[in-house]
Amino acid sequence: MPRLDPVTLELVWTRLVSAVDEAAKAIVRTSFSTLSNEANDFACVLTDAEGRSLAQNTGSIPSFIGTLPGTVRALRDAIPPASMQPGDVYITNNPWIGTGHLNDISIVRPIFREGRVAGYAATTSHVPDIGGRIRSTEARELFEEGFHIPPMRLMRDGVVDQTLLTLLRTNVRTPDQTEGDVWAQVGAVSLIDDRVRRTMDSYRLDGLEAVADEIFDRSEAEMRRRIAGVPDGCWRYVMQTDGLDAPFTFAVEVRIAGGEAHVDFTGTSPQQPRAVNCVFAYTRAMTVFTLKALLLPEVPNNEGIFRAIHIHAPEGSILNPRWPAAVGGRAATGHYVPVLIFGALAEALPDKVRAAPGSPLWIMNIAGTDPAGRSFANVFFFNGGTGAGAAQDGVDCISWPSNISATPIEVAERTAPVLIHHKRLRPESGGAGHQRGGAGQETVIECESDDVAAVFVTERIRFGAPGLFGGGAGAPGAVLLDGVPADTRRQQTLAKGTRVTIATPGGGGFGGS
Amino acid sequence: MAATYSLGIDIGGTFTDIVAFDPLSGRAFIWKESTTPDDPARGVMAGIARLLGAHGIAPAQIGRVVHATTLFTNALIERKGARTGLITTAGFRDVLEIGRERKYELYDIFIEMPRPLVPRPWRREVPERLASDGTIVTPLDVAACVAEAGALVAEGVESLAIVFLHAYANPVHERTAAEAIAARFPSLSISLSSDIAPEIREYPRASTAVANAYVRPLSEIYLQRLEQEIAAAGIPGSLHLMLSNGGLTHVDEAKRAPVQLLESGPAAGALAGAWFGRNAGLERVLAFDMGGTTAKLALVDDGQPLVAWGFEAARERRFLRGSGLPIQIATVELIEIGAGGGSIARRSELSTLHVGPDSAGAQPGPACYARGGTEATVTDADLALGCLNADFFLGGAMAIDAPAAEAAVGRLAAALAVEPARAASGIQDVVNETMAGAARVAIAERGRVPHEYALMATGGAAPVHAWGVARKLGIRRVVCPPGAGAGSTIGMLMAPARVDRVASLNLPFAEADMAAIEETFARLENEAAPLVAATGADLARRDTRWLADMRYIGQGSEVTVAMPRPLSPEAVRAAFEAEYRRLFGRTPPGAAIQFVALRLSLSAPVPGAEGRLDLAAASGGTMLKGSRPVHFAEAGGMVGTPVYDRYALPPGFAAEGPAVFEENESTFVVGPGARIALLPDGSLVADMPEAT
């Protein structure tokens with residue numbers, strides 16, 4: 001096939017992105033969990049026939065954008081494309097090939113052109129519940145963490161696999177909502193399939209390869225040029241974090257040479273018999289997100305950008321655990337990856353990096369029975385402040401590196417038996433420096449029902465977010481139950497009247513004050 | 001002397017458009033006056049005097065005045081509103097600053113979030129608390145309210161917003177606080193969240209109430225002054241204001257809740273599209289306005305512009321959703337895109353062709369303006385493609401440097417390593433694709449398909465691009481009304497009086513009492529009717545719409561459903577499920593439904609706002625001016641195309657495309673094979689040939 005000219009390429013690419021954006025709108029409006037529709041904890045991606053990412057919805061979160069193409073590739077390995085038919089829909093939530101934990105269900109639909117697979121429409125979304133322990137870090141193995149769906153076919157010829165659906169419904173606490181969210185995703189991949197086939201019709205394309213190759217080659221060349229602009233060398237950074245009984249060590253070496261970046265996490269703590277392990281797919285997603293944000297933010301995400309990036313995390317470490325490690329709280333671990341890379345590249349790119357954010361996402365899951373006898377399961381998100389940059393203070397209370405909004409107080413109080421006493425900034429929590437870190441927030445939540453299970457995902461309670469170039473660390477966070485510090489690595493039981501204080505950490509400062 | 005004329009005034013950033021319209025004869029006269037930003041009323045009054053003088057209309061003949069303005073939006077963007085304070089529930093003064101905790105751009109490491117309109121020291125807390133069902137958990141401390149308000153007044157605060165948690169469910173604490181504060185500080189302007197935006201979700205509700213407080217003192221002074229000036233000029237007609245929802249209201253309501261006026265100018269543009277669409281007998285219209293910097297799209301169904309129940313003001317980045325201040329006010333739904341005649345075409349980082357959102361604006365402008373612009377713009381490409389006539393730009397009033405446009409396009413072509421002709425057609429194609437993409441997403445969001453719509457082109461550049469955009473969308477019919485430049489002002493004159501009211505109703509469907517819902521609608525209608533009547537509208541011909549925001553329990557966003565009358569559980573469920581299926585294709589199995597809010601929409605025609613428009617009297621000159629080659633993508637290149645003088649088209653004119661119609665403000669370009677007809681109101685309609 002002849003190479004596409006730069007005008008046609010732009011036209012087709014624009015249309016493919018709008019197809020994926022259309023699908024994202026459909027998910028937001030049809031999904032049931034507050035995760036998808038209020039917190040945007042989902043993504044839509046289009047890949048070529050090889051499972052290489054071509055387009056993703058504007059505004060989706062970095063981790064999913066990074067992992068979803070890998071999910072498609074793993075699915076192709078498990079289910080030969082030759083056995084696929086038009087209209088098929090596939091499903092999985094395997095953490096190693098998915099997003100790193102069971103709660104995200106991925107849906108994939110092959111897009112056919114003239115009898116063969118031309119590409120894949122893929123979505124992933126955090127369902128309200130997947131069974132198992134409620135996202136507890138106490139799980140020692142994956143088997144404790146919920147219902148596991150290996151790569152499987154969900155639909156053929158418009159007929160859904162009722163056995164799979166019945167098993168799924170039986171194993172989760174919120175069968176209607178979880179199934180509803182699966183249907184929201186099925187609608188989205190079907191929409192992408194339709195729009196992409198129309199695009200191929202409009203531009204008389206017999207597949208997506210020509211477009212994909214052009215996008216990848218051009219993106220790769222530009223990314224190599226940007227990497228070549230970073231001073232060659234080996235840049236290292238080591239950081240300690242809260243860990244479990246003992247702190248964790250995170251280590252990275254970023255080697256810049258010949259227009260390529262080699263990122264190596266050797267020296268990072270070994271995997272743990274707790275749900276804090278971050279699968280390699282997630283580690284990789286956070287790594288490429290960081291390098292792209294630093295070096296080539298203006299080009300839409302695609303596989304070509306990542307070809308010049310090589311990543312190694314030692315097998316058996318918390319950044320590359322072996323099956324069947326428990327992985328439920330992988331975000332808190334994986335969200336340190338950008339901080340490590342910023343720290344390593346600070347000397348090389350002082351004007352581009354930022355000090356550490358206080359905001360690996362904080363989460364509180366609660367589940368139980370409300371005073372009226374209805375069972376409930378809710379998840380609340382909390383964000384800390386971001387780190388300061390060379391010429392800018394950190395931002396207060398904002399999701400970073402993820403992009404998950406907090407649930408509105410009025411919605412939280414309506415959907416769960418809680419009364420929120422305050423939600424306010426912690427003005428002094430940003431790290432001091434020439435530029436200050438962003439502030440965290442403090443929220444006090446009173447439980448209005450007895451015997452409520454509460455599980456937390458927290459970080460930076462022992463170690464605040466470090467500053468850069470002499471900037472101070474951000475204030476550490478805290479979780480208190482009726483004023484007493486709680487062990488957030490263990491499930492807690494809340495009684496009626498228990499007050500939970502959640503104070504998120506501030507970001508690190510930049511430069512001496 | 002009969003006061004038959006209506007006067008329309010639209011204050012924009014550069015020009016104040018003024019239209020005098022006689023509904024009896026259909027005659028309309030248009031005048032453009034430079035906007036006087038330091039005192040906008042001055043430019044308005046000068047323009048009115050010139051327009052009336054030029055056409056021999058006496059002030060006493062003006063029966064009513066309709067006004068749209070971007071002043072309040074600009075006050076938000078430029079942060080030039082009142083010194084505003086906030087009183088809120090103890091523990092929650094930072095809600096306004098913390099916002100959604102979400103980035104509007106993922107990869108921008110140096111992202112800036114919008115600053116709150118009220119700084120932290122002026123956000124004060126008082127003891128009070130309601131539960132989510134509106135019951136009182138902690139009684140209001142009235143003395144604390146008065147004390148905090150006093151402290152704010154002492155610091156120079158002029159306007160106050162009161163926002164309590166769950167006030168959408170029960171306004172009692174907000175009202176009690178307001179009464180006590182008003183008694184003590186009668187000159188302090190007070191805005192309540194339960195009054196301005198009684199909807200669940202504390203951040204957008206607070207943002208809306210605060211924005212109202214922020215622009216309210218400005219609106220009181222400005223509207224009072226304009227009203228006085230109009231009276232002093234001897235104009236007997238009363239002043240009406242265009243609302244963001246596409247309806248009219250009277251001055252007192254505008255002063256109470258000026259946040260309703262933020263999008264009044266663009267709403268008027270959408271109304272014009274709706275009005276011309278009705279004239280052309282079209283049920284569904286995609287109103288497409290494209291100027292120098294931006295393009296705006298609005299969907300019009302059944303003659304009514306679609307209304308969204310919220311929008312964003314004062315965005316950090318104009319075209320990025322999530323970067324502005326949320327405003328929960330009924331607003332004609334507009335999609336704004338960084339695509340206009342001045343949009344600059346460049347080689348992207350990946351050596352593809354990018355067009356916009358950067359614009360050369362009016363200064364330096366496109367390369368062909370010869371004002372120093374050297375980069376190729378959309379207008380330069382349009383010129384190179386034969387769509388525009390260098391000798392008849394703005395009716396020949398503006399000299400155009402065609403070689404400069406060609407040179408600019410040539411430089412870009414060399415940078416991209418393509419032929420100049422491909423660069424020129426590519427610029428047009430890419431900017432059309434960008435606009436079509438935005439339209440596609442917006443139409444899909446509503447479960448519609450583009451080919452159900454006709455494209456209505458207004459503004460300087462839309463008639464040039466409408467044909468290409470329609471082809472990309474699969475739209476079969478393109479309409480170009482006359483007098484493209486003054487469309488929005490005309491739309492305003494045709495607007496009905498309209499009031500939208502909302503009441504929160506968080507209730508499972510199974511527990512809903514239809515009689516109680518009917519009572520709520522009746523209460524909302526009783527609130528709305530006097531406001532509509534006060535505009536002079538004809539309540540006997542009112543159009544009352546009962547709507548409900550509903551969803552499946554657990555979902556986070558709602559579907560707005562027209563309620564069947566009379567209400568019955570079966571009919572309501574059927575209406576919801578039908579609307580849900582229309583939007584999303586299927587209903588989920590076994591899920592329960594809930595109400596979230598009830599909405600009342602009341603509109604009634606205003607006397608003088610009907611009748612036909614007579615702008616396009618045939619000039620009697622030569623209809624066919626000549627012909628020139630024009631590029632059409634479907635023909636794969638340039639095609640010899642007849643050029644018509646639009647003012648000289650006789651009644652009943654019909655032709656086959658390709659064709660170009662020139663008028664002073666714009667050029668309507670129609671592709672090969674189109675069937676073209678001139679409608680009695682002066683609109684040109686072009687239908688696609690069957691084969692494309």
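Strands E8 (residues 233-241) and E9 (residues 248-257) of chain A form a hairpin with 6 residues between them, and Gly243(A) in the turn has a positive phi of about 65°. Helices (H or I, at least four residues) and strands (E, at least two) are DSSP runs numbered from the N terminus, and two strands pair if DSSP finds at least two bridges between them. E8(A) and E9(A) pair in the antiparallel sense over 9 bridges, and within this ladder Gly233(A) has Ile256(A) in E9(A) as its bridge partner. This is a predicted model, in which local features need pLDDT of at least 70 and side-chain atom pairs count only at pLDDT 80 or more, while totals for chains, interfaces and linings use all residues. Residues are numbered from 1 along each chain as its sequence is written, and chains are lettered from A and ligands numbered from 1 in the order in which they are written.

Ile256(A) also serves as a reference point for Phe147(A): the two are 109 residues apart in sequence and 42 Å apart in space, C-alpha to C-alpha. Phe147(A) is found in the loop between strand E5 (116-126) and strand E6 (152-156) of chain A. With 19 C-beta neighbours inside 10 Å, Phe147(A) counts as partly exposed, because a residue is buried if 20 or more other C-beta atoms, placed from the backbone, lie within 10 Å of its own, exposed if 12 or fewer, and partly exposed in between. Leaving aside neighbours within four places in sequence, Phe147(A) is in contact with residues including Leu102(A), Ile130(A), Leu168(A) and Val172(A), where contact requires that the C-beta atoms of two residues, placed from the backbone, lie within 7 Å.

Both strands that flank this loop belong to an open sheet of 7 strands in chain A, with the order E2-E1-E5-E4-E3-E6-E7 and antiparallel pairing. The edge strands are E2 (53-56) and E7 (159-160) of chain A, each of which pairs on one side only. At one end of the order, E6(A) and E7(A) are joined by 2 bridges and run antiparallel, with Met155(A) having Val160(A) in E7(A) as its bridge partner. Helix H1 of chain A lies across E1 (42-48), E2 and E5 of chain A, running at about 150° to E1(A); axes here are lines fitted to C-alpha atoms, for helices over the stretch in contact, and angles run from 0 to 180 degrees between N-to-C directions.

A further open sheet of chain A has 4 strands in the order E13-E12-E16-E19, with antiparallel pairing. Its edge strands, E13 (375-382) and E19 (492-494) of chain A, each pair on one side only, and the twist averages 25° from one strand to the next. E12 (residues 362-369) of chain A is joined to E13(A) by 8 bridges, and Ile363(A) stands opposite Phe381(A) in E13(A).

Turning to the interface, 60 residues of chain A are in contact with 55 residues of chain B. The elements of chain A that give two or more residues to this side include H1 (6-30), H5 (175-202) and strand E14 (418-426), and the largest share, 15 residues, comes from H1(A). By class, the side of chain A that touches chain B has 20 nonpolar, 19 polar and 21 charged residues, with Ala, Val, Leu, Ile, Met, Phe, Trp, Tyr, Cys and Pro counted as nonpolar, Asp, Glu, Lys and Arg as charged, and the others, Gly among them, as polar.

In chain B, strand E11 (residues 238-242) is mostly covered, 4 of its 5 residues being buried. E4 (residues 62-69) of chain B runs parallel to E11(B) and is joined to it by 4 bridges, whereas E11(B) and E12 (residues 248-250) of chain B pair in the antiparallel sense over 3 bridges. His67(B) stands opposite Leu241(B) in E11(B), and His240(B) opposite His250(B) in E12(B).

The domain assignment of chain B, whose bounds come from an automatic or database source, includes domain 3 (265-339 + 432-493) and domain 4 (343-384 + 397-429). The centres of these two domains of chain B, taken over C-alpha atoms, are separated by 25 Å, and 11 residues of domain 3 are in contact with 11 residues of domain 4. H12(B) gives the most to the side of domain 3 that touches domain 4, with 3 residues. For the 26 residues of H12(B) (residues 420-445), the expected span at 1.5 Å a residue is 38 Å, which agrees with the 38 Å between its end C-alpha atoms; the expected span is 1.5 Å times one less than the number of residues. H12(B) is mostly covered, with 21 of its 26 residues buried.
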